Amino acid sequence: MVNTNRTISRREMLGALGATGVTALAGCSGGSGDGETTDGTTTGGDGGSGSDSVTAAWVYISEVGDLGWSWAHDEGRKTVDEKYDWLETEYTEAVAPEDSERVFEQYAQGDADIVFGTTFGYQDPMFNIAEQYPDTYFEHATGYRTRENMGRYMGRIYQPRYLAGQAAGMVTENNTIGYVAAFPIPEVIRSINAMALGARSVNPDATFKIRWVNAWFDPQTSKQAANSLIDEGCDVISQEQDSPAPVRAANEADVWASGYNAPMGEFGGDNYLISPVWNWEEIYDPTISAVRDGTWESDAFWGGMETNLPALDEWGPAVPQEVKDTVAETEEKIVNGDLDVWAGSPFEGESDEFLFQEMNSFVDAVDAEVPE
């Protein structure tokens, strides 16, 4: 997999996206609350003089030991915590969105200089608390609202999804790929579409079947959904879940599996394909460093594979070399900016605002309708 082996600053990362893309995304908050951007610009924090030490806090939707979304964020936390002796980190796990406002407020009232909320459901609670505590910085993952002291961040995981889709399209024999999905929101729909487009780029007959679990973390239901897809003839299973349950189910049924969030090869055995994964330290490092040196600003970060934030796991032990070579060639084109995942699709030319929060339909390769 391509790895830059360099932690670039947040400002450099934003520059890599290009001014047009950043401005378009920054302007898609759409609300009119105090401090919320509505004119396509980003707003800065107070640009303080910096600090000798920084305390950063994370709030997670699930337990960090579940090898999923929260695990990946916590790996990023641990990486920066171990790197800097001037940094203190704290976290609270398994916080439901309805309880998050209380947790955010506790951190703001305490010694936290910056608080990270790591799931979409935290957006509005964090937005409310950020207004009440203007001297604390807040960062929200996956959402679209900002304040002067609240930024947002996400990675273009649809790029490694496209690559995983190519791998799935090359190994399937039934031309039917199953996807265990969380919620029918743009974030998930975007990933499904990207994976389907990747599969179709190497296999015009590939199709996707979807099972909605309506939960980010529900191992039992996720496994049942995977088994249902396998019973319907899917010989590759993919997922948008915070546990390796679908990968386990695929391995038990002796079909290929692609995971998500974290390396899941130990659960897939010889049936493991590859997984789109997160390297969250690539955003946490420059963000926390900016807090320390007084240059933190509220912005809307959406970095691609060129930043190494969204990436691919290592290949499974039985993946054919032809698959690896094809994906490596495509990955290089994506990283270099020579391939747009959405080119040739109904979403070609759409703005970042649309891609980020308005995508609500499937490409032809997906045998499903978006639930209302």
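This tour visits one cavity and then three pairs of packed helices. The model is predicted.

**Stop 1: the cavity**

Begin with the whole structure, in which a search finds one cavity of 30 Å³ or more. About 80 Å³ of space lies in the largest cavity. To see its lining, select Ile61, Trp69, Thr118, Thr119, Phe120, Thr142, Glu187, Trp216, Asp242 and Tyr260. Colour these residues by class, and the lining shows five nonpolar, three polar and two charged residues.

Next, give one colour to domain 1 (54–153 + 279–307) and another to domain 2 (157–275 + 313–358). Where does the largest cavity lie with respect to these domains? Both domains give residues to the lining, so the cavity lies between them.

**Stop 2: helices α3 and α11**

The remaining stops concern helix packing. Two packed helices are described by the angle between their axes and the distance between those axes.

Select residues 69–83, which form helix α3, together with residues 281–293, which form helix α11. Their axes come within 8 Å and cross at roughly 45°. That angle makes α3 oblique to α11. Follow α3 past α11: the crossing is right-handed.

**Stop 3: helices α4 and α5**

Now select helix α4 (residues 97–109) and helix α5 (residues 123–132). Here the axes come within 9 Å, and the crossing angle is roughly 20°. Are the two helices roughly parallel or oblique? Angles under 35 degrees count as roughly parallel, and α4 is therefore roughly parallel to α5. The crossing of this pair, α4 and α5, is right-handed.

**Stop 4: helices α8 and α9**

For the final stop, select residues 219–231 for helix α8 and residues 245–253 for helix α9. The axes of α8 and α9 are 8 Å apart, and the helices pack at an angle of about 40°. The two are therefore oblique to each other. Where α8 passes α9, the crossing is right-handed.

Key
Residues are numbered from 1 along each chain as its sequence is written. This is a predicted model: local features need pLDDT of at least 70, side-chain atom pairs count only at pLDDT 80 or more; totals for chains, interfaces and linings use all residues. Side-chain values use heavy atoms; hydrogens and water are left out. On a 1 Å grid over the protein atoms alone, a cavity is a set of points where a 1.4 Å probe fits but cannot get out, and a pocket is an open set with protein on both sides within 12 Å along at least five of seven lines; lining residues have an atom within 4 Å of a point. Grid points are joined across faces, edges and corners, and a volume is the space filled by probe spheres set on the points. Ala, Val, Leu, Ile, Met, Phe, Trp, Tyr, Cys and Pro count as nonpolar, Asp, Glu, Lys and Arg as charged, and the others, Gly among them, as polar. Domain bounds come from an automatic or database domain assignment. Axes are lines fitted to C-alpha atoms, for helices over the stretch in contact, and angles run from 0 to 180 degrees between N-to-C directions. Helices (H or I, at least four residues) and strands (E, at least two) are DSSP runs, numbered from the N terminus. Angles under 35 degrees count as roughly parallel, over 145 as roughly antiparallel, 65 to 115 as roughly perpendicular and the rest as oblique. A crossing is left-handed if the near helix is turned anticlockwise from the far one by less than a right angle, and right-handed if clockwise.
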